[in-house]
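Visitor: I am new to this structure and would like to be walked through it slowly. Could you show it to me before we begin?

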Amino acid sequence: LRAAFPNLDYAIEDLIVSGDTVVARVVFTGTHTGDLGTIPATGKAVQVQEITIFRIDGEQFSEAWTLTDQLGLLVQLGVPIGSGT
């Protein structure tokens, strides 16, 4: 991701802690100046939402699950979205 968005920046919008669980809602921003897989650089700025749920065991993160708005990222990059038919 850093190769595609060298100026990548993450901002924490919300942080919720309950017991051994931490939920972070973050926004990452960056400019698409490098290839992202098979998507060549577009020069477009993006703003993408992510939510990560962490489980803490003792004083360490032991598990994490992340949901990223990948469709929103592709739309912002101008990638054609369709049924494939």
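**The core, the sheet and the rings**

Visitor: How many residues make up the largest nonpolar core?

Guide: The model in view is a predicted one. Its largest nonpolar core is made up of Ala4, Phe5, Leu8, Phe28, Leu36, Ile39, Val46, Val48, Leu73 and Leu77. Strand 3 (45-57) and helix 1 (70-77) are the elements that give two or more residues to this core. Counted together, the residues of the core are ten in all.

Visitor: Leaving aside its neighbours within four places in sequence, which residues is Val46 in contact with?

Guide: Val46 is itself one of the residues of the largest nonpolar core. With its neighbours within four places in sequence left aside, the residues in contact with Val46 are Phe5, Phe28, Thr29, Gly30, Leu73, Gln76 and Leu77.

Visitor: Which strands stand at the edges of the sheet?

Guide: The sheet is open and has four strands in the order 1-2-3-4, with antiparallel pairing, and the twist from one strand to the next averages 20°. A strand at the edge has a single partner strand, so one of its sides is left without a neighbour in the sheet. The strands in that position are strand 1 (9-18) and strand 4 (60-68).

Visitor: What angle does the direction of helix 1 make with that of strand 3?

Guide: Strand 3 runs antiparallel to strand 2 (residues 21-31), to which eleven bridges join it, and within strand 3 the bridge partner of Val26 is Glu50. Helix 1 packs on the sheet, where it touches strand 3 and strand 4. The direction of helix 1 makes an angle with that of strand 3 of about 160°.

Visitor: Is Phe28 buried or exposed?

Guide: Among the three aromatic pairs of the structure is that of Tyr10 and Phe28, which is tilted because the ring centres lie 5.4 Å apart and the planes stand at 50°. This pair links distant parts of the chain, with Tyr10 in strand 1 and Phe28 in strand 2, 18 residues apart. Tyr10, at 39% relative accessibility, counts as partly exposed. Buried means under 20% relative accessible area, and Phe28, at 2% relative accessibility, therefore counts as buried.

Visitor: And is Phe61 buried or exposed?

Guide: Phe61 forms a tilted aromatic pair with Phe54, at 4.7 Å centre to centre and 50° between the planes. Phe54 has a relative accessible area of 22% and is partly exposed. A residue is exposed at over 50%, so Phe61, at 56% relative accessibility, counts as exposed.

Definitions and conventions. Residues are numbered from 1 along each chain as its sequence is written. This is a predicted model: local features need pLDDT of at least 70, side-chain atom pairs count only at pLDDT 80 or more; totals for chains, interfaces and linings use all residues. Side-chain values use heavy atoms; hydrogens and water are left out. A nonpolar core is a set of buried Ala, Val, Leu, Ile, Met, Phe, Trp, Tyr and Cys residues joined through side-chain atoms within 4.5 Å. Buried means under 20% relative accessible area, exposed over 50%, partly exposed in between (1.4 Å probe, protein chains only). Contact means heavy atoms within 4.5 Å. Two strands pair if DSSP finds at least two bridges between them. Axes are lines fitted to C-alpha atoms, for helices over the stretch in contact, and angles run from 0 to 180 degrees between N-to-C directions. Rings of Phe, Tyr and Trp (its six-membered ring) pair if their centres lie within 6.5 Å; planes under 30 degrees apart count as stacked, over 60 as edge-to-face and the rest as tilted.
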